[in-house]
Amino acid sequence: MKYSIFSLARAALSGHKNWQPTWRDAAPKDRYDVIIIGGGGHGLATAWFLASEFGIRNVAVLEKGWIGSGNAGRNTTIIRSNYGLPGNTGFYELSMKLWERMEQDLNYNAMVSQRGVLNLYHSDAQRDAFARRGNTMRINGIDAELLDQAALRKMLPFLNFDNARFPVQGGLLQRRGGTARHDAVVWGYAHAASELGVDIIQNCEVTGFTRDANGKVTGVETSRGKIGAGKVGMAVAGSSSRVAAMAGLRLPIESHVLQAFVSEAIKPLIPGVMTFGAGHFYVSQSDKGGLVFGGDIDGYNSYAQRGNLPVVEDVCEGGMALIPMIGRVRLLRQWGGIMDMSMDGSPIIDKSPVDGLYINAGWCYGGFKATPGSGFVFAHLIARDQSHKEAALFRLDRFQRGAMIDEKGQGAQPNLH
Amino acid sequence: MRIVCPFCGERELGEFTYLGDAKPKRPAADAGEDAVYDYVYLRDNVAGPMTEHWYHGGGCRAWLKVTRNTLTHEISAVEPAAGAGAAKVGA
Amino acid sequence: MAEFSWDVRSPLDRALIAGSYGAQGDAGVSLTEIRNFDLVQVMARRGKAGEMAKAAQARVGMAAPETPKAVDTADATLIWSGPEQFLVLSKGGRHSIEALGSVFAGSALLSDQSHARALISISGDKARTMLAKLSSIDLHPDVFGVGAAAATSMDHTSVTLWRGKDLADGQAVFNLLVFATFAESLWHTILDSAAEYGVTVGHSEELA
Amino acid sequence: MRGDQANRLNNGGLIDRSLPLSFRFDGKTFSGFKGDTLASALVANGVKLVGRSFKYHRPRGILTAGSEEPNALVELRSGARREANTKATTVELYEGLEAASQNRWPSLHFDVMSVNQLFAPIFVAGFYYKTFMWPAKFWEAIYEPAIRRAAGLGRAAQVSDPDHYDKAWAHCDVVIAGSGPAGLAAALAAARCGARVILCEEDFVLGGRLLADGGMIDGLPAAEWVARAVAELTAMPDVRIMTRTTLFGVYDGGTYGAIERVNDHLPVPPEHQVRQRLWRIVAKRCVVAAGAIERPIVFAGNDTPGVMMASAMRSYINRYAATPARRIALFTNNEDGWRTAETAIAAGLQVAAVIDARPDVSAAHRSLASKGGFPVLHGAVAGIDGGKGGVRKISVSLAGGARAEVEANGLAVSGGWNPAVGLTSYHRGRPKWRDDIAAFVPDGAPPGMVAAGAANGAFGLGACLCEGFEAGAAAARDAGRSGNIGSMPVADDEAFSITPLWHVAGKGKAFVDQQHDVTASDVELAQREGFQSVEHLKRYTTLGMATDQGKTSNVAGLAIMAAVSGKSIPETGTTIYRPPYVPVAIGAFAGHHRDENFHAARLTPSHHWAAEQGAVFVDTGLWKRAQWYPRAGEKDWLESVTREVKAVRSGVGFCDVSTLGKIDVHGPDAGAFLDRVYINAFSSLAVGKARYGLMLREDGIVYDDGTTSRLAEDHYFLTTTTAKAGLVMQHLEFCRQVLFPELDVQLTSVSDQWAQFSIAGPKTRDLLKEIVDPVEDLSNEGFPFMGAREVKLRGGLKARLFRISFSGEMAFEISVPARYGEAMARNLMIAGKPFGVTPYGTEALGVMRIEKGHVAGPELNGTTTAGDLGLGKMMSTKKDFIGRVMAGREALVAPNRQVVVGIKPTDKARRLRSGAHIIPKGETPGPDNDQGYVTSVCFSPVLDQWIGLGLVERGRERIGEIVRAHDPLRGEDYDVELCNSVFYDPDGGRQRG
């Protein structure tokens with residue numbers, strides 16, 4: 001069913017009684033060419049790209065709960081491509097370009113909103129690091145601007161310039177960055193993939209892999225029975241270690257909790273996305289009016305999908321330090337997601353050592369912005385058995401080779417990335 | 001979260017710093033690159049009770065081995081690291 | 001030859017303004033900085049905790065605390081600071097690092113912390129209420145009695161806190177050792193926390 | 001005094017008629033009394049229309065009397081203290097209160113945006129996902145700004161919050177949420193056992209529903225019983241009663257979050273006091289006695305001002321002596337709702353009719369109806385005739401199918417009660433369904449927590465008291481307390497019978513979530529489009545995501561979803577409950593930590609002296625460091641810094657370097673220990689000598705560097721960088737306690753014990769001779785380069801002296817106990833006067849280190865190896881050390897790595913900037929020829945040009961090559977030469993001299 005203002009108007013005349021499900025709620029078939037484990041943004045995007053770009057339509061996406069119930073449905077919706085290291089820079093820009101055409105691709109309004117992403121700096125050293133990163137972006141054809149304090153005073157007069165422990169001195173701005181409506185991304189990919197014949201199977205939890213005599217993966221065991229597959233891709237960030245363990249693999253990944261927060265809805269107050277450089281705080285304002293904000297991970301391994309008070313306080317301290325006018329704005333909800341924290345802070349998109357099993361994991365807390373890019377390069381890998389050039393460095397063996405992609409320079413300590 | 005430091009008693013999370021799974025042991029000097037790679041990079045990433053290293057840096061500066069359930073955050077045991085004070089009395 | 005004066009200055013020398021602060025009326029909190037003390041960290045050598053304890057006993061006539069406690073001797077206070085370690089707080093060089101060196105030779109390692117800390121004594125009927133803003137530990141009199149000590153944090157900064165002898169009027173006294181370079185910042189935080197109760201500020205050369 | 005409070009009863013209520021208060025709503029002045037909420041005062045003044053809804057801008061009135069209120073949201077206060085979305089039902093009235101309705105323009109009564117209602121047929125749930133896609137660029141330019149302006153509710157203040165907040169800790173055996181009958185009974189039982197009890201009540205008066213519904217307890221009127229209970233609790237020293245305090249969350253290890261609205265009931269907080277305080281309550285046990293929330297029934301027009309929850313109507317009449325309407329009707333599906341009819345009659349109001357959805361009503365109620373002269377209609381409300389002026393007529397569909405109309409100007413609605421299951425569910429627990437009360441009740445709770453009373457589905461007064469008392473006693477027992485528990489308070493239980501009714505089909509919009517304008521047909525549409533999971537339903541329709549967190553709407557929404565998808569309510573399930581229980585001000589979570597107090601500031605021992613000299617300070621981590629010391633007439637920082645560098649290079653200068661991390665490493669195994677943590681050897685270091693050391697992480701990447709001296713056989717003095725001081729200490733303790741417990745070594749931070757100054761320049765020795773006792777030999781032979789030992793100063797003070805140099809000049813670092821730090825700075829000025837001594841700051845320090853090619857933070861960036869820094873040869877091959885094995889991985893020893901090299905513009909007048917990238921000459925910049933970047937720059941007074949260090953691919957093999965410094969961010973592109981990283985005195989003669 002094609003969505004448009006006209007179809008809406010037509011539907012209104014019939015009291016909206018004729019709308020069809022946004023995606024088919026499919027039952028599992030015996031076998032698929034490709035099974036994607038995980039009905040989040042990445043899994044559904046992978047399925048849609050397999051069907052739309054690589055001609056593979058006999059695809060199932062298996063979701064243990066409801067689609068979008070993992071990190072796709074609990075992130076802070078930021079999109080950006082302001083990375084500084086080879087491997088990341090090109091990949092996230094590929095993803096950004098796919099965001100820019102997503103709605104027309106999918107016939108679904110995911111509210112991709114390029115209101116800008118601004119990283120603030122508070123010292124000369126931070127400015128220099130941003131200059132390095134911004135120049136990397138520009139050399140890669142990505143928009144980036146280095147703003148000084150005077151420019152920011154005009155743009156964001158409410159920031160704490162004069163009474164701050166660490167006054168804002170400037171920022172690195174990517175105007176093409178912004179936000180997207182996270183749930184709509186999931187539903188949009190589900191809608192479009194389903195239209196191309198992909199089976200989206202909810203409430204279907206993978207419990208094991210079936211393997212042939214050579215160890216090749218031939219399918220999965222699920223809460224809804226065995227399902228055969230030519231290839232199996234996993235896109236289950238937060239649960240990657242648990243699913244990989246079913247295939248006998250240990251990953252360079254730890255699961256950590258990242259909390260996020262939303263305030264009560266208020267009239268427009270904050271224009272784009274901004275990150276505080278002297279504490280753990282980033283914020284944007286949703287179209288509905290809530291301030292959507294977050295900070296650092298809690299710092300300990302967790303699968304509990306909820307966090308503790310010290311981080312709430314830490315984040316709000318950062319918020320008040322940066323934007324002291326939000327003191328009376330009320331925090332409405334806090335929640336937590338399980339982050340696949342990799343050992344260098346960058347993702348893994350690679351064939352696994354097990355034949356027929358493909359891994360898409362380790363997104364840390366940056367997976368949402370990667371959704372279209374990840375889906376595209378993962379589909380490419382699965383379809384062609386070869387990494388896409390923009391994902392060529394996201395190899396699983398890079399730690400063995402010493403070829404880490406460590407933007408923060410924190411080394412093999414996931415809770416510091 | 002609150003951790004019962006074996007030396008200080010029950011203390012608030014903010015006094016502690018987390019390192020991670022205490023199971024991997026630093027390989028011997030001659031163990032070779034694969035063993036060290038495994039130690040540095042690979043994790044069981046346990047969903048359930050896991051023994052972890054925590055540092056009571058905001059208190060007595062002891063490194064602790066804390067057994068904590070990563071699904072519920074419930075802590076079932078805390079003991080000092082081998083070289084944290086009392087453990088070495090009379091050693 | 002130039003004339004030098006080697007004046008000592010407390011890290012709170014500038015920040016501390018004697019007198020009253022905050023709300024008017026009877027002060028609920030009294031803050032006194034104790035200046036110029038000797039503070040030595042004593043840490044047992046591997047496996048020598050027993051010998052260290054004996055040496056301490058011989059020196060001050062009291063057993064050094066093995067749990068989070070502070071004990072007063074005739075001319076020193078021994079404050080637990082971690083497993084198998086304690087601080088010796090005294091005045092006038094009697095238990096300075098030079099004086100203690102031979103006492104603990106072979107059993108413990110010493111580190112001079114005399115200049116690394118500022119010492120603040122907190123009392124008043126709102127002292128506990130005020131400290132609840134800074135300290136995450138339970139200071140209820142049944143839990144944190146006279147002589148109780150804690151290596152803990154305030155405002156994300158490590159401190160050593162112990163309860164001294166009650167004042168004559170029965171008021172509790174909380175002693176706080178804070179790192180010297182954090183002292184001024186923490187002092188302002190303490191003042192802000194105490195302001196609503198009214199504060200009396202002073203300093204002293206005498207250990208309580 | 002009654003003033004213009006036309007709807008105020010003459011008697012009764014918990015208001016203080018002797019304390020009239022005047023307030024303004026939408027610019028109009030009204031009066032109320034002490035004890036009122038803003039909502040009750042508005043009710044007393046006959047104000048029905050108080051707000052506009054989120055999407056359709058429909059007129060809305062007051063629905064509830066508590067924190068579950070979806071409609072009566074106002075902007076409270078003004079200017080910097082303006083608080084958007086404040087629930088009028090929870091605002092305690094104070095003199096001079098100012099409030100304004102929100103989400104309307106130009107006025108509440110004439111709101112232009114209410115045209116949205118005309119588009120309502122299109123503005124169904126999720127309509128925006130299906131449109132606004134063409135043309136693509138119109139989203140940011142046109143559609144989204146319009147949506148953003150229309151959305152949101154109130155306006156937040158646009159300037160810094162002028163009020164203060166703080167945070168505190170509290171500890172107890174039992175914390176109790178709620179002071180209704182169950183909460184008070186729990187507190188009594190626990191306290192009598194000797195437990196330390198904290199009782200949190202979000203209202204400003206204790207008693208919960210007893211305040212509105214009364215009853216008899218232990219033979220006393222409820223109010224009297226409450227007063228006695230409170231008196232008993234107050235007399236006990238270990239009971240703390242906290243009103244205006246909401247327990248909003250439960251965290252691990254028995255930690256609870258609570259928000260105390262300390263001074264929100266005053267126009268502004270008194271001097272030295274906070275507005276709100278965040279409490280972290282640590283409790284062994286928690287009793288949730290948070291009560292239950294009455295729920296609406298969804299029917300057409302159910303959002304008309306004048307439609308109110310039945311229990312809220314009782315609250316307004318009984319507690320506040322304010323009458324929402326003169327002639328009311330009641331729509332109920334349960335026994336409890338009838339109490340509102342009783343209350344109305346008792347207050348002398350007219351009851352127009354009771355519409356009861358149940359097939360039968362009790363004989364008592366029938367006789368009440370006949371006495372009151374009103375009909376009992378078996379059926380349901382099908383529509384409301386009314387508008388912003390309130391309810392006029394109620395249309396009823398009777399059980400037999402016939403229609404009836406009831407004239408009334410107020411409608412009380414009771415759809416049953418939902419226990420407040422938030423707190424018990426915040427650890428992702430799911431409540432369970434109970435058919436008998438048609439409600440979800442807690443199914444387990446986080447460790448240590450139990451629900452009691454209405455929060456647990458016990459709706460009778462007797463049952464609440466009993467459950468509360470038993471829960472309180474058990475909690476105290478579990479916390480290890482026992483005592484004479486006394487007798488349990490007793491009361492009769494009212495009958496509770498309910499026939500579930502969620503939605504009455506009818507014409508017109510029937511609202512499920514009134515704040516977010518989610519209608520019953522939106523829920524049906526979501527089901528049709530496949531959004532059947534309750535989480536999908538919530539996300540697609542935004543049901544329950546408004547400021548009331550769906551307290552009055554969630555259960556109805558999922559019940560309607562269950563009905564349309566042919567499932568039971570328990571099968572349909574609930575969404576995940578998330579804290580906080582009520583929205584909490586961000587300022588309260590931040591507390592004291594804002595503005596200058598965001599983080600602590602660390603001051604060096606010479607800080608105040610430097611301030612007196614007019615130093616400009618820079619933040620380095622938590623430290624404030626002197627960055628440079630400007631002098632009169634200097635036009636900018638560069639002039640000052642250049643002067644400082646020249647003074648050092650030609651004479652002598654000093655700099656406070658106390659910020660370096662300093663660690664005493666003691667013990668017989670100290671040398672062996674250092675051998676394992678540094679890449680180079682320290683056990684071989686002679687006593688009295690210092691050595692530069694480099695530490696790696698276990699992954700082979702450089703972690704930190706510094707100079708470590710051996711002061712005695714078993715005593716090393718280790719220094720770290722300023723940035724890593726704390727982390728290195730933690731790392732070394734890990735090595736000592738976890739990795740190498742067999743070593744007899746102790747570590748102590750002495751960072752704060754020593755004031756340390758670097759004294760540098762050719763005249764250093766001259767100056768030192770003035771300070772140091774003449775018995776000390778400072779000659780090159782007596783104190784050679786890299787010597788380290790204790791010395792006596794003139795006057796007898798002992799100091800530590802290290803012959804080390806960061807500047808490349810003849811230099812010493814001298815340490816004195818920190819309380820002498822300021823004196824040391826002053827004495828260096830005195831002693832150095834003849835030699836033109838110049839204090840210098842971190843900028844000059846940085847210039848001189850770059851001139852010398854020393855690496856620092858920008859080069860030690862967490863991705864560089866020892867080899868990258870040109871220090872690969874330091875790595876010992878004779879011992880194991882942290883990071884040794886991983887440092888040998890192929891990509892870390894690859895020949896094309898980016899390594900440290902010197903960089904200088906070919907045009908000497910050119911300014912070099914950090915962050916510029918290095919591109920080969922003649923090539924178009926792109927990812928494939930991006931060969932590195934400039935890490936550190938300075939203007940070198942010695943070379944009279946800008947110079948820098950960089951990390952450049954194969955840099956050391958390319959000395960002399962001209963490359964491009966490409967800096968598109970700043971619009972610059974210029975030629976630079978790759979050169980030796982040691983720009984100044986490359987053979988080191990000056991520092992050894």
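**Strand 15 of chain D and its surroundings**

Me: In this predicted model, Y256(D) faces I281(D) of strand 15 of chain D. What makes strand 14 and strand 15 of chain D a pair?

Reply: Two strands count as paired when DSSP finds at least two bridges between them. Strand 14 (residues 255–260) and strand 15 of chain D are joined by six bridges, so the criterion is met. The two strands run antiparallel.

Me: Which strands of chain D pair with strand 15 in the parallel sense?

Reply: Strand 8 (residues 165–177) of chain D does, over twelve bridges, with D166(D) opposite R277(D). Strand 27 (residues 449–451) of chain D does too, over three bridges, and there V288(D) stands opposite A451(D). Both counts satisfy the minimum of two bridges, so both are called pairs.

Me: Why is strand 15 of chain D described as largely enclosed by the rest of the structure?

Reply: The strand covers residues 276–288, and twelve of its 13 residues are buried, so the description follows. Buried requires 20 or more other C-beta atoms within 10 Å of the residue's own. For chain D as a whole, 63% of the 993 residues count as buried.

Me: How do you know that V174(D) touches A283(D)?

Reply: The test is a C-beta to C-beta distance within 7 Å, with those atoms placed from the backbone. A283(D) is on the contact list of V174(D), as are R285(D) and V287(D), so each of these pairs passes the test. The list leaves out residues up to four places away in sequence, and also includes A190(D), A195(D), V197(D), G472(D), A475(D), A476(D) and A479(D).

Me: What makes V174(D) a member of the largest nonpolar core?

Reply: A member must be buried, belong to a set of residue types that includes Val, and be joined to the others through C-beta atoms within 7 Å. V174(D) is counted in this core of 563 residues, so it meets these conditions. V174(D), A186(D) and A190(D) touch the most other members. Helix 10 (residues 461–478) of chain D provides the largest share, ten residues.

Me: How do you know that domain 1 and domain 2 of chain D are in contact?

Reply: Four residues of domain 1 contact five residues of domain 2, and a contact needs C-beta atoms within 7 Å, so the two domains touch by that test. By class, the domain 1 side has one nonpolar, two polar and one charged residues. The C-alpha centres of these domains are 29 Å apart. The assignment gives domain 1 as 18–127 and domain 2 as 165–292 + 420–478.

Me: What makes strand 16 of chain A and strand 30 of chain D a pair across two chains?

Reply: Strand 16 (residues 330–342) of chain A and strand 30 of chain D share two bridges in the antiparallel sense. The minimum is two, so they qualify as a pair. R330(A) lies opposite A585(D).

Me: How many residues does each chain bring to the contact between chain D and chain A?

Reply: Chain D brings 91 residues and chain A brings 91. Helix 2 of chain D gives the most to the chain D side, six residues. That side divides into 38 nonpolar, 25 polar and 28 charged residues. Between chain A and chain B, 20 residues of chain A contact 18 residues of chain B; the chain A side there has nine nonpolar, eight polar and three charged residues.

Terms used
Residues are numbered from 1 along each chain as its sequence is written. Chains are lettered from A and ligands numbered from 1 in the order in which they are written. This is a predicted model: local features need pLDDT of at least 70, side-chain atom pairs count only at pLDDT 80 or more; totals for chains, interfaces and linings use all residues. Helices (H or I, at least four residues) and strands (E, at least two) are DSSP runs, numbered from the N terminus. Domain bounds come from an automatic or database domain assignment. Ala, Val, Leu, Ile, Met, Phe, Trp, Tyr, Cys and Pro count as nonpolar, Asp, Glu, Lys and Arg as charged, and the others, Gly among them, as polar.
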